Amino acid sequence: ESATTTAWIYGLQQNDRQRSNVAVVNRGDAGGSIALRITYYSPTGNVLGTPVERTLAPGEWTQFNRPFESLGQASGYTKVERLSGTSRFVAYGVLNDAVTSDGSYVPFSF
């Protein structure tokens with residue numbers, strides 16, 4: 001699936017057992033770049049830090065490694081919003097096991 005305006009990624013964690021990454025992809029289906037804003041939230045809904053904005057060319061992908069670690073938060077969720085452009089996008093989280101580095105895919109919700 002892909003989103004047109006907003007995507008939410010829940011269940012992200014940063015602790016000594018696992019770490020989270022967040023990734024976004026421009027599907028490029030409308031042929032142009034898109035600008036996205038990524039906002040991180042605490043489990044109680046407080047905004048963490050300053051939202052990050054990225055512009056992605058068609059087909060471009062980027063990943064944010066351990067975002068909750070730099071925000072001093074052990075868990076939370078993320079909102080990804082399209083600010084400009086018309087292509088659809090995909091957003092997802094990855095939970096990585098700290099011992100084995102095995103990753104679990106965390107899909108977005110609308």
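Me: In this predicted model, which residue of β5 is the bridge partner of Asn 21?

Reply: The bridge partner of Asn 21 in β5 is Asn 65.

Me: What makes β2 and strand β5 (residues 61–65) a pair?

Reply: Two strands pair if DSSP finds at least two bridges between them. Five bridges join β2 to β5, and the two strands run antiparallel. Because five bridges satisfy the requirement of at least two, β2 and β5 are a pair.

Me: How many bridges does β2 form with β7, and in which sense do they pair?

Reply: β2 and β7 pair over nine bridges, in the antiparallel sense. One of the residues concerned is Ala 23, whose bridge partner in β7 is Tyr 92.

Me: Why is strand β2 (residues 18–26) called mostly covered?

Reply: A residue is buried if its relative accessible area is under 20%. In β2, seven of the nine residues are buried, and the strand is therefore described as mostly covered.

Me: Why does Tyr 92 count as buried?

Reply: The relative accessibility of Tyr 92 is 17%. The limit for buried is under 20%, so Tyr 92 counts as buried.

Me: Is Tyr 105 buried or exposed, and how do you know?

Reply: Tyr 105 has 53% relative accessibility. Exposed means over 50%, so Tyr 105 counts as exposed.

Me: Why does Tyr 10 count as partly exposed?

Reply: The value for Tyr 10 is 43% relative accessibility. Buried requires under 20% and exposed requires over 50%; 43% lies in between, so Tyr 10 counts as partly exposed.

Me: What makes Trp 8 and Tyr 10 a stacked aromatic pair?

Reply: Their rings lie 6.2 Å apart, centre to centre, with 10° between the planes. Rings pair if their centres lie within 6.5 Å, and planes under 30 degrees apart count as stacked. Both conditions are met, and therefore the pair is stacked.

Me: Why is the pair of Tyr 92 and Tyr 105 called tilted?

Reply: The ring centres are 5.4 Å apart and the planes stand at 40°. This angle is neither under 30 degrees, as stacked requires, nor over 60, as edge-to-face requires, so the pair is tilted. The pair links distant parts of the chain: Tyr 92 belongs to strand β7 (residues 89–97) and Tyr 105 to strand β8 (residues 103–107), 13 residues apart.

Me: What makes β1 (6–13) and β4 (47–56) edge strands?

Reply: The open sheet has four strands in the order β1-β6-β3-β4, with antiparallel pairing. β1 and β4 each pair on one side only, which makes them the edge strands.

Conventions: Residues numbered from 1 in each chain as written. Predicted model: local features only at pLDDT ≥ 70, side-chain atom pairs only at ≥ 80, totals over all residues. Heavy atoms only, no water. Phe/Tyr/Trp six-rings, centres within 6.5 Å; stacked < 30°, edge-to-face > 60°. Buried < 20%, exposed > 50% of the residue type's maximum accessible area, 1.4 Å probe, protein only.
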